[in-house]
Amino acid sequence: MAELISQLESARSQIEDKFSKAGTFFQDALALIEQQLKVLGSLTTALDPEAIGSATEDLFATAESLHALPGEIEARSLRMRELKRDVAALRPQIHEICGLLRYLRAFAFNVKITAAGMGEEAAQFSSFSQEMGTRIDQGDKQIREFMENLEVLDVQIEGALKIETALDTQVRSMLPQVPQCLSNDASAMRAYNLRVSDATRRISELAREVQMHVLTALSSLQIGDTVRQRIEHVQSGLQAVMELVERLKSEGAPEVQHERLASHVKAMLAAQLMDTAETFDAEIKRMMDMMAQIADGTNNLVLALDLEHGDGNSLRGLEQSVAQAFVLVEGMERATEQANGVQVATGKAVQELLARVGSVQEVKDEVQYMALNTSLRCVHIGEIGRPLQVVATELSTYSKHLEGAAASTMKGVERLAATAQQSGAGSSALGGKKKLEGAVVRLKGAADVVEVDLKEAITQGKALVGQLANAAEKLNFKAEMVDIIYNAAAALSRESSFQADLDEISTPLAEIMGKLARTYTMARERQVHAEFAPGGMGIEDVTETQENEDAFEMFA
């Protein structure tokens with residue numbers, strides 16, 4: 001029995017050591033799976049259907065706007081040419097006004113010269129002449145500034161036309177390939193996102209399934225504590241038998257009595273060991289089945305991750321087509337900004353031109369008024385005023401020509417204003433640059449997560465597979481421990497037997513059976529004990545607390 005106690009101690013020690021290592025392994029496996037689920041969670045966030053969907057929609061919208069560029073460029077160029085035509089149409093009208101103002105200036109000077117010999121009237125006419133000259137000079141200044149503004153506007157229009165022409169050449173060389181490529185890539189991104197998102201969900205489910213298997217395996221390690229305790233109880237039982245036999249010998253009990261007592265108790269302890277070995281064997285088989293399920297689940301997880309990782313760079317294929325689209329979008333936005341600048345400049349110029357033409361019309365009114373006054377005064381002074389009256393008549397005639405030229409110029413400016421208003425239509429490509437930048441940031445961010453996190457998840461998964469393979473080998477307890485318990489039970493059975501007649505040994509048997517019963521912590525131990533204890537010998541001494549522990553053990 002001492003040798004058997006030693007063998008059982010070796011098995012118990014190994015069980016404690018190996019189950020401790022198994023617990024550490026399963027805890028590490030759970031930590032790895034938690035990391036994988038965290039990585040998969042970040043993938044799910046990065047591949048959020050709404051965010052990626054928005055990015056691909058922006059790409060589709062940009063591609064569509066690029067297809068519309070030729071028509072927009074042609075329409076805007078047409079309006080620019082119309083503005084240039086309207087500016088060109090104003091030049092001869094302005095030159096005509098300038099010429100008329102020169103004539104009027106000359107006639108105003110003639111008034112002064114002609115009136116020089118009129119005595120007292122000369123000063124009055126000289127004042128008229130001076131005032132008319134001042135008004136005409138003011139009008140001349142206004143009309144020359146009008147021309148300068150018009151020339152500045154013409155330069156702006158010419159610059160915008162050059163940009164439109166260059167953009168048109170660029171667009172025609174890149175359409176329809178660039179927007180079509182962008183659209184195709186957007187479709188590919190959408191399909192990729194849907195597939196990877198679905199795969200991520202599927203992989204997450206696999207990881208959680210493995211996690212549940214590991215948790216179940218971890219909980220099954222309780223069998224190690226159960227077996228260890230039951231071995232300890234058998235060891236203490238063997239020790240108790242040896243001590244009782246020695247005591248009976250010292251008390252002079254017949255040898256046959258203590259031999260029969262030892263044989264019966266050892267038979268019960270052999271039954272306890274056999275029941276422990278069978279329970280342990282069944283639980284170890286169940287644990288190994290769970291290990292196989294964990295291994296299969298983990299292998300499936302790694303395979304699924306490997307399948308997805310191959311496409312991690314597909315998101316990178318977008319960069320080239322986006323770069324080409326950037327060229328067109330930037331060109332279109334630059335052209336649109338230039339066109340909008342021309343529209344704003346034209347609006348300002350029109351307001352200034354209208355004001356300056358209005359000033360010329362005021363000059364015309366004042367010259368006509370002065371010419372009329374001059375004619376009237378000439379009538380009063382008689383024959384001496386006739387030469388001056390001729391000059392006044394010429395002033396009136398040319399001021400009417402100035403009125404017609406100013407009215408015609410005013411119509412030209414209004415036509416220019418109407419054309420400028422038409423050129424204000426925006427481009428469908430406006431905002432495309434920001435959309436492309438935003439889409440690229442989101443998609444490249446998703447690509448980074450796919451490449452980095454999937455790689456990390458694969459590394460973790462393979463590490464888990466390696467741990468499982470190592471653990472499966474180390475946790476194969478049957479040969480090392482289960483068989484030891486079976487062999488110990490068999491050895492104990494060979495030197496013991498169930499005693500049917502227990503009357504002669506009932507007193508010492510009741511003593512040792514009661515002592516052993518109080519050490520039990522599992523219901524199965526009491527059930528085996530009851531088979532060797534007539535009338536519940538020893539079991540009736542179990543306390544209420546122990547019964548509650550039994551209920552908990554059976555529930556567990």
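This is a short talk on the overall build of one chain and the cavity inside it.

Okay, so first thing: what we have here is a predicted model. Mean pLDDT for the chain comes out at 76, with 80% of the residues at 70 or more. The stretch to watch is 543-556, where pLDDT drops below 50. In the model that stretch still has 15 contacts beyond its near neighbours in sequence. Where pLDDT is low, though, please don't read the predicted coordinates in detail.

On to the fold. The chain has 14 helices and zero strands, so if you read along the sequence, you just get α after α. Of the 556 residues, 46% count as buried. And take the contacts with a separation of 6 or more: 93% of them are between residues 24 or more positions apart. As for the outside, the chain exposes about 26,400 Å², and carbon and sulfur atoms supply 53% of that.

Now, the inside. How many cavities of 30 Å³ or more does a search of the whole structure find? One. The space in this largest cavity is about 40 Å³.

Who lines the largest cavity? You've got Arg230, His233, Val234 and Gly237, then Leu269 and Gln272, and then Leu516, Tyr520 and Glu525. Helix H6, that's 222-250, and helix H7, 255-309, each supply at least two of the lining residues. H6 gives the most, with four. By type, the lining splits into four nonpolar, three polar and two charged residues. So if you have the structure open, H6 and H7 are a good place to start looking at that lining.

Conventions
Residues are numbered from 1 along each chain as its sequence is written. This is a predicted model: local features need pLDDT of at least 70, side-chain atom pairs count only at pLDDT 80 or more; totals for chains, interfaces and linings use all residues. Side-chain values use heavy atoms; hydrogens and water are left out. pLDDT is the predictor's confidence in each residue, from 0 to 100. Contact means heavy atoms within 4.5 Å. On a 1 Å grid over the protein atoms alone, a cavity is a set of points where a 1.4 Å probe fits but cannot get out, and a pocket is an open set with protein on both sides within 12 Å along at least five of seven lines; lining residues have an atom within 4 Å of a point. Grid points are joined across faces, edges and corners, and a volume is the space filled by probe spheres set on the points. Ala, Val, Leu, Ile, Met, Phe, Trp, Tyr, Cys and Pro count as nonpolar, Asp, Glu, Lys and Arg as charged, and the others, Gly among them, as polar. Buried means under 20% relative accessible area, exposed over 50%, partly exposed in between (1.4 Å probe, protein chains only). Accessible areas come from the Shrake-Rupley method with a 1.4 Å probe; for residues, only the protein chains shown count as cover.
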